[in-house]
Amino acid sequence: MVLDKLKDNVEVSYIEKRLIITILFCISLTIANILTIKLVDINIANLVAPASVIIYPLTYVLISIITTVYGEKTAQKTLILGIITVVLFVFMTTLLLYVPSPGFYKGDVSLNYVFQKIDSIVVGSLIAYIIGNLITIKLTGNIS
């Protein structure tokens with residue numbers, strides 16, 4: 001009985017589901033670009049990869065769901081929104097590097113280490129990601 005009332009209060013509409021998936025996609029894409037800076041040892045044949053390999057599959061699954069349920073045009077719009085989100089992130093983190101910090105703040109060295117590399121990483125990853133996602137959208141669109 002309590003679960004039925006909770007279920008009625010938490011019912012999510014078709015549009016709200018799309019919004020949630022789109023937000024998850026944009027956040028995952030941004031996180032993937034941050035995680036690229038960290039390298040991980042895979043321990044299989046001494047492979048080393050960016051930590052973003054952990055979250056990139058989620059972005060492909062989300063874009064496939066959007067393509068299958070909402071169509072190719074919506075998936076393309078979502079991809080563009082994700083790119084805009086990442087570009088905004090890069091702009092803001094680059095701006096962050098040039099804004100002076102107070103004398104007591106000790107985090108500038110770490111922030112510089114991480115965010116000075118973001119812009120070049122993002123350019124490469126977005127090119128690859130756009131190509132990969134457009135292929136995923138086309139393939140998923142042809143299946144549905």
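A contact, as the word is used on this tour, means that heavy atoms lie within 4.5 Å of each other. The model open in the viewer is a predicted one, and the stops below move from the interior towards the surface.

**First stop: I118 and its surroundings**

Select I118, which is found in helix α6, the run of residues 118-143. I118 counts as buried because its relative accessibility is 0%, where buried stands for a relative accessible area under 20%. If residues up to four places away in sequence are left out, the side to display around I118 consists of N33, I34, I37, F89, V90 and T93, each of which I118 touches. For a sense of distance, add I21: I118 and I21 are 97 residues apart in sequence, and their C-alpha atoms are 25 Å apart in space.

**Second stop: the nonpolar core**

Keep I118 selected and add F25, since these two touch the most other members of the largest nonpolar core, which has 25 residues. Colouring by helix is useful here, as α2, α3, α4 and α6 each supply at least two residues of this core. In soluble globular proteins, nonpolar side chains tend to be buried together.

**Third stop: helix α4**

Now select residues 72-98, which make up helix α4 and number 27. From its first C-alpha to its last, α4 reaches 40 Å, close to the 39 Å expected at 1.5 Å a residue. Which residues of α4 are buried? They are T74, A75, T78, L79, G82, I83, V86, F89, V90 and T93, and F89, V90 and T93 are also among the contacts of I118. When looking along this helix, it helps to recall that an α-helix has 3.6 residues a turn, so residues three or four places apart point the same way.

**Fourth stop: T59 and Y60 in helix α3**

Move to helix α3, residues 56-70, and select T59, which lies in it. Is T59 buried or exposed? At 0% relative accessibility, T59 counts as buried, and, with residues up to four places away in sequence set aside, T59 touches F25, S28, L29 and Y129. F25 has already appeared on this tour, as one of the two residues that touch the most other members of the largest nonpolar core.

Y60, which also lies in α3, is partly exposed, with a relative accessible area of 26%. Apart from residues up to four places away in sequence, Y60 touches Y129, G132, N133 and T136, so that Y129 is a contact of T59 and of Y60 alike. To compare sequence with space, select R18 as well: Y60 and R18 are 42 residues apart in sequence, while 15 Å separates their C-alpha atoms.

**Fifth stop: a nonpolar patch on the surface**

Switch to a surface view and select Y14, I15, V61, I65 and V69, which form a nonpolar patch with about 460 Å² of accessible area together. Both α2 (14-35) and α3 supply at least two residues of this patch, and the largest share, 3 residues, comes from α3. One patch member to pick out is V69, found in helix α3, which is partly exposed with a relative accessible area of 43%.

**Last stop: V48 in strand β2**

Finally, select V48, whose place is in strand β2, residues 48-50. V48 counts as exposed because its relative accessibility is 56%, the cut-off for exposed being over 50%. Leaving aside neighbours within four places in sequence, the residues to show beside V48 are L39 and V40, with which V48 is in contact.

Notes:
Residues are numbered from 1 along each chain as its sequence is written. This is a predicted model: local features need pLDDT of at least 70, side-chain atom pairs count only at pLDDT 80 or more; totals for chains, interfaces and linings use all residues. Side-chain values use heavy atoms; hydrogens and water are left out. Helices (H or I, at least four residues) and strands (E, at least two) are DSSP runs, numbered from the N terminus. The expected span of a helix is 1.5 Å times one less than its number of residues. Buried means under 20% relative accessible area, exposed over 50%, partly exposed in between (1.4 Å probe, protein chains only). Patches are made of residues with over 30% relative accessible area and no salt bridge: like charges are joined within 9 Å, nonpolar side chains (Val, Leu, Ile, Met, Phe, Trp, Tyr) within 5 Å. Accessible areas come from the Shrake-Rupley method with a 1.4 Å probe; for residues, only the protein chains shown count as cover. A salt bridge is a side-chain nitrogen of Lys or Arg within 4 Å of a carboxyl oxygen of Asp or Glu. A nonpolar core is a set of buried Ala, Val, Leu, Ile, Met, Phe, Trp, Tyr and Cys residues joined through side-chain atoms within 4.5 Å.
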